[in-house]
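Visitor: I would like to learn how to read a protein model, starting from its overall layout and ending in its interior. Could you take me through it slowly?

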Amino acid sequence: MSSFLITICREINGIEFLKIIWGRSDVTPVIIFTGIGREHTAIAALNNGANFFLKKGENTEMPFVVLQQMI
């Protein structure tokens with residue numbers, strides 16, 4: 001069984017969170033799962049060490065299926 005941590009960032013955005021954990025040389029895989037986001041945000045997330053960037057869409061079921069597969 002794999003272990004994982006879910007973090008909800010309210011005071012900083014996901015990109016800033018990535019910079020903090022990668023600045024500590026943490027190699028924990030990171031999936032950015034967001035309700036908002038544009039192409040430049042996804043690129044910034046991946047460039048800053050995110051393993052995946054997943055945006056919630058109109059279909060409320062599908063993103064969670066994909067997220068479960070990623071984990």
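Guide: What follows goes from the whole chain to one helix, and then to the core.

Guide: This is a predicted model, in which local features need pLDDT of at least 70 and side-chain atom pairs count only at pLDDT 80 or more, while totals for chains, interfaces and linings use all residues. Residues are numbered from 1 along each chain as its sequence is written, and side-chain values use heavy atoms, with hydrogens and water left out.

Visitor: How many helices and strands are in the protein chain?

Guide: Helices (H or I, at least four residues) and strands (E, at least two) are DSSP runs, numbered from the N terminus. Here the protein chain has three helices and two strands, and along the sequence they follow the pattern α-β-α-β-α.

Visitor: What share of the residues of the protein chain counts as buried?

Guide: A residue is called buried under 20% relative accessible area, exposed over 50% and partly exposed in between, with a 1.4 Å probe and protein chains only. By that rule, 18% of the 71 residues of the protein chain are buried.

Visitor: Which residues of helix H1 are buried, and why do they line one face of the helix?

Guide: Helix H1 spans residues 14–23, and its buried residues are Ile15, Leu18 and Ile21. Seen down the axis of H1, these residues fall within an arc of 130°, so they line one face of the helix; the arc is that of the directions from the helix axis to the C-beta atoms. The buried residues of H1 pack against strand S1 (31–34) and helix H2 (39–47).

Visitor: What lies at the ends of H1?

Guide: The N-terminal end of H1 is capped by Asn13, with a side-chain oxygen 3.0 Å from the backbone nitrogen of Ile15. After H1 comes Ser25, whose phi is positive, near 60°.

Visitor: Which residues does Leu18 touch?

Guide: A contact means heavy atoms within 4.5 Å. Leaving aside residues up to four places away in sequence, Leu18 touches Val30, Ile32, Ala45, Asn48, Gly49 and Ala50. Leu18 has a relative accessible area of 0%, and its C-alpha atom is separated by 7.6 Å from that of Ala45, 27 residues apart along the chain.

Visitor: Which residues make up the largest nonpolar core?

Guide: A nonpolar core is a set of buried Ala, Val, Leu, Ile, Met, Phe, Trp, Tyr and Cys residues joined through side-chain atoms within 4.5 Å. The largest one has nine residues in all, among them Leu18, Ala42 and Phe53; the others are Ile15, Ile21, Val30, Ile32, Ala45 and Ala50. H1 gives the most to this core, with three residues.

How values were computed: A polar contact is a pair of N or O atoms within 3.5 Å; within protein, one must be able to donate a hydrogen and the other to accept it, and residues adjacent in sequence count only if both atoms are side-chain atoms.
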